[in-house]
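Me: Please take a close look at one part of this model, the nonpolar core, and follow it outward to the helices and the surface around it. I would like the cut-offs stated as you go.

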Amino acid sequence: MRNVYPLPLDSKKYENCSLKELDGKLSEALDHLREYKAVNEAAVYQYEEANAEWEELKRNFDQNRTDLKAIDDMLEVLDQRKYDAIELTFRQVSKEFRSVFQKLVPGGRGNVVMRMGRTGSGRGDRPNAHPVEAFVGVSMKVSFAGMAEIRDVQILSGGQKTVVALALIFAIHKVDHAPFYFFDEVDAALDTQYREALAGFDAALDTQYREAYRVMKLTGRGRDAPQCSSLFSIGWQRAQSVC
């Protein structure tokens, strides 16, 4: 019978009734139903089935809302950690940049400035107190000996730009160094005083971090040779470069 018509949910209470009792109850039910016209006899079953589906959907909705809150809280923690990591790294690099710049440019001053954009808002309706997207870049403020502070490095000379770039590279290196560095004629545009300062700084770093990393520098000037731990001279002979 289940294959022909869906049974009501309380059908089990009639399983122990005799056929005569069932026939009597059926007659009573039919007489009662004749009082109604155009009645959907499956409405109760459909309602109970729909109500069960609604309860299931409600449970799923509540679970999804709980999961969403957990994910949102986790993202907030990760955003805070990223913000703290970026801010800490920037402060360390900025500190090292000031120190390195003063060594490369005696009497000069240099500083790294974090450029901030619009903070915007966080995910959904939750405002983000520390949006990582607020960090849009960095800029340098430098002052060479006898010069006013310069905020736009584009107006510096080629040698001065090189000094600023090297100071930033060495500052990042002192915070998180790489296994080796290769400088290809970085001293080509440097004046003698900056070239000598760079050579001395390279030698000091090589002594301090000898076991941690190596610096390889290609230069067309031989004045740095006495301060190198190893020197390879490349020349031109018979239309070939020789080492």
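Reply: Of the 243 residues of the chain, 23% count as buried, where buried means under 20% relative accessible area, exposed means over 50%, and partly exposed lies in between (1.4 Å probe, protein chains only). This is a predicted model, in which local features need pLDDT of at least 70 and side-chain atom pairs count only at pLDDT 80 or more, while totals for chains, interfaces and linings use all residues. Residues are numbered from 1 along each chain as its sequence is written, and side-chain values use heavy atoms, with hydrogens and water left out.

The secondary structure comes to four helices and six strands, in the order α-α-β-β-α-β-α-β-β-β along the sequence; helices (H or I, at least four residues) and strands (E, at least two) are DSSP runs numbered from the N terminus.

A nonpolar core is a set of buried Ala, Val, Leu, Ile, Met, Phe, Trp, Tyr and Cys residues joined through side-chain atoms within 4.5 Å. The largest such core has 30 residues, of which F97, F101, L104, V142, F144, V163 and V164 touch the most other members. At least two residues of this core come from each of α2 (43-104), β1 (109-116), β2 (135-143), α3 (158-175), β3 (180-184) and α4 (192-208), and α2 gives the most, with seven residues. In soluble globular proteins, nonpolar side chains tend to be buried together.

F97 shows how these elements meet: leaving aside neighbours within four places in sequence, F97 is in contact (heavy atoms within 4.5 Å) with G110, N111, V112, M140, V142, V164, A167, L168 and A171. S94, also found in helix α2, counts as buried at 6% relative accessibility, and with the same neighbours set aside S94 is in contact with N111 and V112. On the α3 side, the buried residues are G159, Q160, T162, V163, V164, L166, A167, F170, A171 and H173. The 18 residues of α3 should span 26 Å at 1.5 Å a residue, which agrees with the 26 Å between the end C-alpha atoms; the expected span is 1.5 Å times one less than the number of residues. In helix α4, G200 is partly exposed at 30% relative accessible area, and its C-alpha atom is 9.0 Å from that of L104, although the two are 96 residues apart in sequence.

Salt bridges, defined by a side-chain nitrogen of Lys or Arg within 4 Å of a carboxyl oxygen of Asp or Glu, come to six in the count. One of them joins E96 and K174 (3.6 Å, N to O), linking distant parts of the chain, helix α2 and helix α3, 78 residues apart; K174 is partly exposed at 23% relative accessibility. Another pairs D73 with K69, with the closest N and O atoms 3.0 Å apart, and these residues are four apart in helix α2, about one helical turn. Here K69 is exposed at 54%, whereas D73 is partly exposed at 33%. An α-helix has 3.6 residues a turn, so residues three or four places apart point the same way.

Outside the core, F180, F182, M216 and L218 form a nonpolar patch on the surface, with about 400 Å² of accessible area together, and β3 and β4 (214-218) each give two or more of its residues. Such a patch joins nonpolar side chains (Val, Leu, Ile, Met, Phe, Trp, Tyr) within 5 Å, from residues with over 30% relative accessible area and no salt bridge, whereas patches of like charges are joined within 9 Å. Accessible areas come from the Shrake-Rupley method with a 1.4 Å probe, and for residues only the protein chains shown count as cover. M216, in strand β4, is partly exposed at 39%.
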